Amino acid sequence: MRLLFLQKEELEPFVSRLIAWQEVVGPKAKKNRFVFDKLESPAELRLDYDTTILPPKKYFFQPQQDLIRFSPEGFTGCIEPKPRIIFGVHPYDIKAISMLDYLFSDGKKDWNYLANRQAATIVGINVHQVFKTAFFESMGASIVTKGYDLFLTDIGEEGFVVEVATDKGEALLAYGHFTQVTPDQAQKRRKILYGQSDRCSQKLFNLPEEVSEKVALSFYHPIWEEMASRCFSCGACNLVCPTCYCFDVQDMWNLDQESGIRFRTWDGCLTEDFAKVTVQGGTENFRQDRSSRYRHRIMRKAVYLNSKLGGPACVGCGRCASACPADLANPVPVLNKIMEG
Amino acid sequence: MKIPKVAFFDFTSCEGCQVEIANFDQDLLKLLQVVEVVEFREIMKETCSEPLDIAFIEGSFSREKDRERLQKIRQRANLVVAYGSCAATGGINALKNHKPDYKYKVEVYGADATMPHLETQKALPISAAIPVDLAIPGCPVNRQEFVRLVSDLLHGKAPTIPNYPVCMECKKKENICRYELQDTCLGVVARAGCGALCPSNGIPCEACRGFVDNPNLDSLVELLIKTGMQPAYAMAKARMFTANLVEE
């Protein structure tokens with residue numbers, strides 16, 4: 001592992017030079033929350049953020065993404081990747097991106113996602129403040145060992161221990177003043193990354209594997225009905241999720257009525273029409289009830305994708321719990337209750 | 001494609017949706033290359049009585065005597081599009097439907113309150129009088145959506161109007177939830193398609209496009225009361241634009 005050191009006062013010049021070179025996005029304050037957004041100056045960067053409203057997946061899998069442009073002459077693809085540095089990504093989000101990388105490559109490769117992903121450089125950062133509804137420790141997502149190009153560990157007043165993980169990360173080094181890391185600094189980094197626990201207020205009482213096994217058998221548990229009675233089917237939990245990747249494809253004509261675009265836009269399995277399909281001239285909704293949709297999301301996260309991903313499709317960021325207007329999307333109490341019974 | 005003949009008609013409304021279409025600027029000129037507008041009170045003085053490919057109807061059906069005029073439009077139009085919330089659901093006009101004692105007429109019109117053209121019944125969607133092929137909600141109607149849906153009709157594609165709440169669009173725009181800002185918002189049950197215009201500009205959604213197909217209104221009222229609203233006010237809030245969609 002290649003470790004270097006960046007002094008605290010060297011962070012701003014480093015980010016400044018990166019901004020002059022390439023688009024740099026990072027966590028910025030938005031009223032009482034944070035969002036990943038383009039940095040105009042290093043002063044905007046808030047590495048002390050708890051979490052962002054949307055995860056950084058929005059740069060690879062955009063809320064709305066054009067797929068093809070069509071006209072009477074034919075059609076062309078819309079893959080136009082833009083080099084971009086995503087600065088200050090938390091471990092749980094890095095883990096989620098690795099999952100999306102796998103899911104969008106599984107079977108037929110989705111180049112609309114992969115082109116954007118490959119054009120990005122990811123700079124990770126350890127979590128300073130834990131988001132109020134986060135439970136990443138329970139999901140094994142407080143530490144990542146891959147999925148980033150550089151990883152910064154803030155060891156306090158001195159500065160950052162920087163792990164260089166890839167050639168893309170190596171390429172950033174020319175823009176900052178890095179020094180050799182001392183054994184003491186490396187020791188501090190280890191303590192911060194691996195020595196901290198019990199920081200999340202939300203906790204699963206069982207291991208994800210145990211949860212997966214039992215929840216798989218809880219298809220007819222009364223909890224789904226109970227929780228879903230107040231659900232708005234608004235899909236907020238889906239859209240803020242770093243591992244949700246469903247989308248809807250639509251065609252739209254331009255004013256000339258000859259040319260147009262085909263685009264995709266985020267979809268969510270909580271919404272009523274998500275599972276509505278055309279059957280023999282009519283329509284059929286195979287998840288008509290709120291409770292079946294509510295159950296489906298939890299099943300997708302805790303059970304269905306486990307064999308593909310080698311674990312749950314949830315990283316414990318806590319975004320769904322805080323985004324739910326009816327305050328019922330938090331999977332932790334649901335899973336704990338199923339485990340108890 | 002043959003250039004379709006279209007006309008715009010208005011019933012009980014503020015005609016704001018017509019203004020919205022007229023405000024297309026340069027795009028209006030482009031639109032006029034693909035459709036022939038033969039009647040549109042807000043922008044031209046000509047009227048017509050010929051057969052139409054599409055009749056666009058704004059406003060709600062609130063006077064029995066309007067039924068005949070609507071039927072005549074239906075007879076000569078291949079497609080009828082009810083556009084704007086008044087035409088699609090009854091819209092804000094339908095607020096009067098819950099007032100047995102409709103005293104506001106006197107407050108608003110004074111001595112003229114007894115004029116015959118002000119004699120109205122319940123404000124209902126256009127579909128209460130004649131069959132409509134498409135109803136486009138919105139107060140006012142959203143220009144981009146209007147063009148998209150009419151394009152779909154012209155191309156024989158089934159028009160798709162979102163059946164998910166405004167929350168989806170707020171999230172896509174990374175807006176901070178109004179509830180997180182100690183405000184209230186109807187976006188949780190309101191039909192999307194506006195691009196979360198109001199919450200994106202710092203004000204709560206009023207559900208001007210009506211509700212999604214199966215809104216969880218019990219949960220909405222519970223949520224509004226939780227923010228400190230009086231139950232009666234929460235109920236009134238929930239039906240500002242949606243009086244015909246909410247039971248007493």
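What share of the contacts in chain B with a separation of 6 or more comes from residues 24 or more positions apart? The answer is 72%. Keep that in mind as you click around, and remember that this is a predicted model.

**Stop 1: chain B as a whole**

Select chain B and switch to cartoon. You should find 10 helices and five strands. The radius of gyration is 19 Å, against the 18 Å that the globule rule gives for 248 residues, so chain B is as compact as a globular protein of that length. If you line the view up with the principal axes, the C-alpha trace spans about 55 × 50 × 30 Å. Now colour by burial: 42% of the 248 residues of chain B count as buried.

**Stop 2: the two domains of chain B**

Colour residues 5-154 of chain B one way and 166-238 another; these are domain 1 and domain 2 in the domain assignment. Their C-alpha centres lie 26 Å apart. How many residues of domain 1 of chain B are in contact with domain 2 of chain B? Eight, and they meet six residues on the domain 2 side. To find the place, select helix α4, residues 85-89 of chain B: with three residues, this helix gives the most to the domain 1 side. By class, that side of domain 1 has three nonpolar, four polar and one charged residues.

**Stop 3: backbone oddities in chain B**

Time to zoom in on some backbone geometry. Most residues other than glycine have a negative phi, and most peptide bonds are trans. Here are some exceptions to select.

- Start with E15(B), in the loop between β1 (5-10) and α1 (16-22) of chain B. Its phi is near 65°, a positive value in a residue other than glycine. Buried or exposed? Neither label fits: E15(B) has 17 C-beta neighbours inside 10 Å and therefore counts as partly exposed.
- Next, go to the peptide bond joining C139(B) and P140(B), which is cis, with omega about -5°. P140(B) sits in the loop between β5 (134-136) and α6 of chain B.
- Then pick Q182(B), in the loop between α7 and α8 (197-200) of chain B. Phi of Q182(B) is near 60°, again positive in a residue other than glycine. With 8 other C-beta atoms within 10 Å, Q182(B) is exposed.

**Stop 4: where chain B meets chain A**

Bring chain A back into view. The contact between the chains takes 31 residues from chain B and 30 residues from chain A. On the chain B side, select α2 (26-31), α6 (143-154), α7 (166-172) and α9 (217-226), each of which supplies at least two residues. Colour that side of chain B by residue class and you get 16 nonpolar, seven polar and eight charged.

**Stop 5: the two domains of chain A**

Hide chain B and split chain A into domain 1 (2-194) and domain 2 (208-340). The C-alpha centres of these two domains of chain A lie 26 Å apart. At their boundary, 36 residues of domain 1 are in contact with 30 residues of domain 2. Highlight β4 (64-71) and α2 (91-103) of chain A; each supplies at least two residues of the domain 1 side. The residues of that side divide into 22 nonpolar, seven polar and seven charged.

**Stop 6: helix packing around α6(A)**

Stay in chain A and select α6, residues 208-216, together with α12, residues 331-340. Their axes are 10 Å apart and they pack at an angle of about 75°, so α6(A) and α12(A) are roughly perpendicular to each other. Show side chains for V211(A), K214(A) and V215(A) on α6(A), and for L335(A), I338(A) and M339(A) on α12(A), the residues that make the contact. Five of these contact residues are nonpolar, none is polar and one is charged.

Now swap α12(A) for α9(A), residues 290-304. What is the angle at which α6(A) and α9(A) pack? It is about 130°, with the axes 8 Å apart, which makes α6(A) oblique to α9(A). Here the contact is made by V211(A), S212(A), V215(A) and A216(A) of α6(A), and M299(A), A302(A) and V303(A) of α9(A). This contact has six nonpolar residues, one polar and no charged. To finish, leave V211(A) and V215(A) displayed: both appear in the contact with α12(A) and in the contact with α9(A).

Definitions and conventions. Residues are numbered from 1 along each chain as its sequence is written. Chains are lettered from A and ligands numbered from 1 in the order in which they are written. This is a predicted model: local features need pLDDT of at least 70, side-chain atom pairs count only at pLDDT 80 or more; totals for chains, interfaces and linings use all residues. Two residues are in contact if their C-beta atoms, placed from the backbone, lie within 7 Å. Helices (H or I, at least four residues) and strands (E, at least two) are DSSP runs, numbered from the N terminus. Ala, Val, Leu, Ile, Met, Phe, Trp, Tyr, Cys and Pro count as nonpolar, Asp, Glu, Lys and Arg as charged, and the others, Gly among them, as polar. The radius of gyration is taken over C-alpha atoms; the globule rule is 2.2 Å times the number of residues to the power 0.38. A residue is buried if 20 or more other C-beta atoms lie within 10 Å of its own, exposed if 12 or fewer, and partly exposed in between; C-beta atoms are placed from the backbone. Domain bounds come from an automatic or database domain assignment. Axes are lines fitted to C-alpha atoms, for helices over the stretch in contact, and angles run from 0 to 180 degrees between N-to-C directions. Angles under 35 degrees count as roughly parallel, over 145 as roughly antiparallel, 65 to 115 as roughly perpendicular and the rest as oblique.
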